[in-house]
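Reader: I've just opened this one and I'd like a friendly tour. Could we go through it question by question?

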Amino acid sequence: MSIDTMAIAVDWLDAYRAGDLACILEFFADDAIVECGCGDVKTIADREGLRAYWVQRLKDYPASELDDLRPAATGTSISYLTGHGVVDAILEFDGIGKITFLRCRQLAR
C-alpha cells in the first residue's frame with residue numbers, strides 16, 4: 001500500500017491552521033525530529049519537546065493559507081503563510097504515513 005504524502009501534508013496544514021494541537025501531534029511518529037529555522041534555530045527530538053514546540057508555534061506562527069505544495073527529493077515540500085511571512089517546510093514520512101522529520105524555515109519577505 002502506498003501513501004499519498006502530499007495529501008498528508010495538506011491534512012497536517014489543515015490541523016495546523018485549525019490550531020488543533022492533538023491532531024497535529026498525531027501526524028508525527030514517536031521518534032520524529034523537527035529542525036526549525038524560523039526565528040531561533042532549534043532541534044526537537046522527543047515527544048515532550050514536540051508538544052512544547054507546537055504549543056509555542058501555534059502562538060507565534062499561526063498558519064494561514066497554503067502557498068505551495070510539491071514533491072521533494074526526500075518527501076513533500078509545503079509552504080504556507082503566517083503573520084511573519086512564508087514558511088517553507090520539508091516533511092519526510094515513514095511507511096505508514098507518519099512524519100519522521102520536519103525541517104522548516106521562514107523565507108525572506
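Author: Sure, what follows is a set of short questions and answers about the sheet, the helices and some side chains of this predicted model.

Reader: Let's start with the sheet: in what order do its strands sit?

Author: There's an open sheet here, built from 6 strands with mixed pairing. Its edge strands are S2 and S3 (63–72), each pairing on one side only. From one strand to the next, the twist averages 15°. Reading across, the order is S2-S1-S6-S5-S4-S3.

Reader: Do S1 and S6 run parallel or antiparallel?

Author: S1 covers residues 28–37 and S6 covers residues 99–106. In general, strands of a sheet pair through backbone hydrogen bonds, and both directions can occur. Here 6 bridges join S1 to S6, and the two run parallel.

Reader: And which residues are the bridge partners of Glu 35?

Author: Glu 35 has a partner in each of two strands, so let's take them in turn, with bridges counted by DSSP. In S6, Glu 35 stands opposite Arg 103. S1 is also joined to S2 (residues 42–44), by 3 bridges, and that pair runs antiparallel. In S2, the partner of Glu 35 is Thr 43.

Reader: Which residue in the hairpin of S1 and S2 takes a positive phi?

Author: This hairpin has 4 residues between the strands. Close to it in the pairing, Cys 36 has Lys 42 as its bridge partner in S2. The residue with the positive phi, near 70°, is Gly 39.

Reader: How many residues lie between S4 and S5 in their hairpin?

Author: S4 and S5 are joined by 7 bridges and run antiparallel. As an example of the pairing, Leu 81 stands opposite Val 86 in S5. The number of residues between the two strands is 2.

Reader: What about S5 and S6: which residue in their turn has a positive phi?

Author: These strands run antiparallel too, with 7 bridges between S5 and S6. One of the pairings puts Glu 92 with Phe 101 in S6. The hairpin has 5 residues between the strands, and the one with a positive phi of about 90° is Gly 97.

Reader: How many residues of S5 are buried?

Author: S5 (85–93) is among the strands that H1 lies across. H3 lies across S5 as well. S5 is mostly covered, and of its 9 residues the number buried is 7.

Reader: At what angle does H3 run to S1?

Author: Let's set the two helices side by side. H1 lies across S1, S3, S4 (75–82), S5 and S6, and runs at about 165° to S3. H3 (residues 47–60) lies across S1, S2, S4, S5 and S6, and its angle to S1 is about 50°.

Reader: Now the aromatic rings. How many aromatic pairs are there, and what kind is the one formed by Trp 12 and Tyr 16?

Author: The count comes to 7 aromatic pairs. For Trp 12 and Tyr 16, the centres are 5.7 Å apart and the planes make an angle of 55°. Stacked needs under 30 degrees and edge-to-face needs over 60, so this pair is neither; it counts as tilted.

Reader: Are Trp 12 and Tyr 16 buried or exposed?

Author: Both lie in H1 (residues 5–18), 4 residues apart, about one turn of the helix. The cut-off for buried is under 20% relative accessible area. Trp 12 has 0% and Tyr 16 has 1%, so Trp 12 counts as buried and Tyr 16 is likewise buried.

Reader: What kind of pair do Tyr 53 and Trp 54 form?

Author: Tyr 53 is buried at 7% relative accessibility, and Trp 54 is buried at 0%. Both belong to one aromatic cluster with Trp 12, Tyr 16, Phe 28 and Tyr 80. With centres 5.3 Å apart and 85° between the planes, the pair is edge-to-face.

Reader: Which ring does Arg 57 lie over?

Author: Here a charged side chain meets a ring face. At 4.6 Å from the ring centre, Arg 57 lies over the face of Tyr 61.

Reader: Last one: is Ser 79 buried or exposed?

Author: Ser 79 is in S4. Leaving aside residues up to four places away in sequence, Ser 79 touches Leu 66, Asp 67, Asp 68, Val 86, Val 87 and Asp 88. Its relative accessible area is 3%, so Ser 79 is buried.

Conventions
Residues numbered from 1 in each chain as written. Predicted model: local features only at pLDDT ≥ 70, side-chain atom pairs only at ≥ 80, totals over all residues. Heavy atoms only, no water. Phe/Tyr/Trp six-rings, centres within 6.5 Å; stacked < 30°, edge-to-face > 60°. Buried < 20%, exposed > 50% of the residue type's maximum accessible area, 1.4 Å probe, protein only. Lys NZ or Arg CZ within 6 Å of the ring centre and 35° of its normal. Axes fitted to C-alpha atoms, helices over the stretch in contact; angles between N-to-C directions. Contact = heavy atoms within 4.5 Å.
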